[in-house]
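Here are my notes from a first pass through this one, in numbered points. Have the model open while you read.

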Amino acid sequence: MELLVITGLSGAGKSRAAKYLEDMGYYTIDNMPAEHITPFAEFCIQRGGRFDRVALVSDIRGGSDGFPSMLRTVEMLREKGVNCRLLFLAADTDTIIRRYKETRRMHPLMKRGDTIEDAARREEELLRPLREHADFVIDTTQMPSSKLRSELYSLFGDHSQPNTLTVSVVSFGYKHGIPPESDLVFDVRFMPNPFYIPELRELTGLDAPVRDYVLSFEQTKEFLDRLESLLSFLLPRYSEEGKTMLIISIGCTGGRHRSVAIARELADRLTRLGYPTAENHRDMTRRDMTHG
């Protein structure tokens, strides 16, 4: 069994780290009181492998009384054969203050008349022994979310498996709005529109006549080749940063013809490149047939 205890300063990103670790296959629990770590670990061991990788966030929210025993707990679990490690997340005081002001939340150690700085410095002193004995310390002061995810994957990711990036290709119509979840958006309204071909108007980009029409133009072929080349460069970079899902949206006017055909062709190409790829044709079945 592998148990990762996440602790550190309030506002340093522990809960966010737990979410990223969950994406890596850890079973995670936020705000676990220190005195409950041992019984929970014993429960996991008794389950016979169901909880092989566990990450627990244990910090000042659960009270500071259990902190002196946390290091003893870690050592005791190691003696029982548990791969137990301690991760400490830190940030400088100015960053902690800024983050609390942005969220408008109270620091858990703030008392009446205290400032955030008073509480942050008090917590830093309380947790100093844990930081000094931690297996890993990550300072998130100047660290964007993508960098934190990448750092965690480097330390705790399963490197026996490829860091697979899943791609979702979404077709849409601009007159219905750009999908808000999009990471990358490409406009294919420059392509000839099948809507103006009477025998194609009632069909969709999944029908062979429309697909063949859209893909017959040299500008379409060049666009797809250039887009494939761009994505061949980009996708490994996203994967290296720890991104696990990328949504690529392809838009035309109505979301029924050109965007659908291009999304299908792009999904086929990405699949051949080795990326798990899904399709979603958001507006294809809308019946307000204007301008394809």
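1. Start with strand E1, which is mostly covered: seven of its seven residues are buried. Bear in mind throughout that this is a predicted model. Both faces of E1 are covered. On one side sit Glu2, Leu4, Ile6 and Gly8, on the other Leu3, Val5 and Thr7, and all are buried. As background, side chains in a regular strand alternate between the two faces of the sheet.

2. Which strands does E1 pair with? One is E3, joined to E1 by five bridges, and the two run parallel. If you want a residue to click on, valine 5 has leucine 56 as its bridge partner in E3. Another is E4, which pairs with E1 in the parallel sense over seven bridges. There, glycine 8 stands opposite leucine 89 of E4.

3. Now zoom out to the sheet around E1. It is an open sheet of five strands, ordered E2-E3-E1-E4-E5, with parallel pairing. At the edges are E2 (27-29) and E5 (136-139), each of which pairs on one side only. From one strand to the next, the twist averages 20 degrees.

4. The E2 end deserves a glance too. Three bridges hold E2 to E3 (residues 53-57), and these strands run parallel. Tyrosine 27 finds its bridge partner in E3 at valine 54.

5. What lies across this sheet? Helix H1 (residues 14-23) lies across E1 (2-8), E2, E3 and E4 (83-90), and runs at about 160 degrees to E1. Helix H7 (residues 145-156) also packs on the sheet, where it touches E1, E3, E4 and E5. The direction of H7 makes about 170 degrees with that of E5.

6. Next, a helix pair. H4 (residues 93-103) and H5 (residues 116-126) pack at an angle of about 125 degrees, and their axes are 10 Å apart. Why call H4 oblique to H5? Because their angle lies outside the roughly perpendicular range of 65 to 115 degrees and is not over 145, the cut-off for roughly antiparallel, H4 counts as oblique to H5. The crossing of H4 past H5 is right-handed. H4 brings Thr93, Ile96, Ile97, Tyr100 and Lys101 to the contact, while H5 brings Ile116, Glu117, Ala120, Arg121 and Glu124. Sorted by class, that contact of H4 with H5 has five nonpolar, one polar and four charged residues.

7. There is another open sheet to look at, with four strands in the order E7-E8-E6-E9 and parallel pairing. Its edge strands are E7 and E9 (277-281), each pairing on one side only. The twist here averages 20 degrees from one strand to the next.

8. Staying with E7, four bridges join this strand to E8 (residues 245-252), and the two run parallel. Valine 185 has serine 249 as its bridge partner in E8. Helix H10 packs on this sheet, touching E6 (166-173), E7 and E8. The direction of H10 makes about 175 degrees with that of E7.

9. H10 (residues 218-240) also packs with H11 (residues 258-272), at an angle of about 45 degrees and with axes 11 Å apart. That angle makes H10 oblique to H11. H10 passes H11 in a right-handed crossing. From H10 the contact draws on Thr220, Phe223, Leu224, Asp225, Leu227, Glu228, Leu231 and Leu235; from H11, on Ile262, Glu265, Leu266, Arg269 and Leu270. The residues of this H10 contact with H11 split into eight nonpolar, one polar and four charged.

10. Last stop: arginine 189, in the loop between E7 (184-187) and helix H8 (198-201). Is arginine 189 buried, exposed or partly exposed? With a relative accessible area of 39%, arginine 189 is partly exposed. Setting aside neighbours within four places in sequence, arginine 189 is in contact with Tyr174, Gly251, Cys252, Thr253 and Arg258. Measuring sticks out for proline 236: arginine 189 and proline 236 are 47 residues apart in sequence and 28 Å apart in space, C-alpha to C-alpha.

Note on methods:
Residues are numbered from 1 along each chain as its sequence is written. This is a predicted model: local features need pLDDT of at least 70, side-chain atom pairs count only at pLDDT 80 or more; totals for chains, interfaces and linings use all residues. Side-chain values use heavy atoms; hydrogens and water are left out. Axes are lines fitted to C-alpha atoms, for helices over the stretch in contact, and angles run from 0 to 180 degrees between N-to-C directions. Angles under 35 degrees count as roughly parallel, over 145 as roughly antiparallel, 65 to 115 as roughly perpendicular and the rest as oblique. A crossing is left-handed if the near helix is turned anticlockwise from the far one by less than a right angle, and right-handed if clockwise. Contact means heavy atoms within 4.5 Å. Ala, Val, Leu, Ile, Met, Phe, Trp, Tyr, Cys and Pro count as nonpolar, Asp, Glu, Lys and Arg as charged, and the others, Gly among them, as polar. Two strands pair if DSSP finds at least two bridges between them. Buried means under 20% relative accessible area, exposed over 50%, partly exposed in between (1.4 Å probe, protein chains only).
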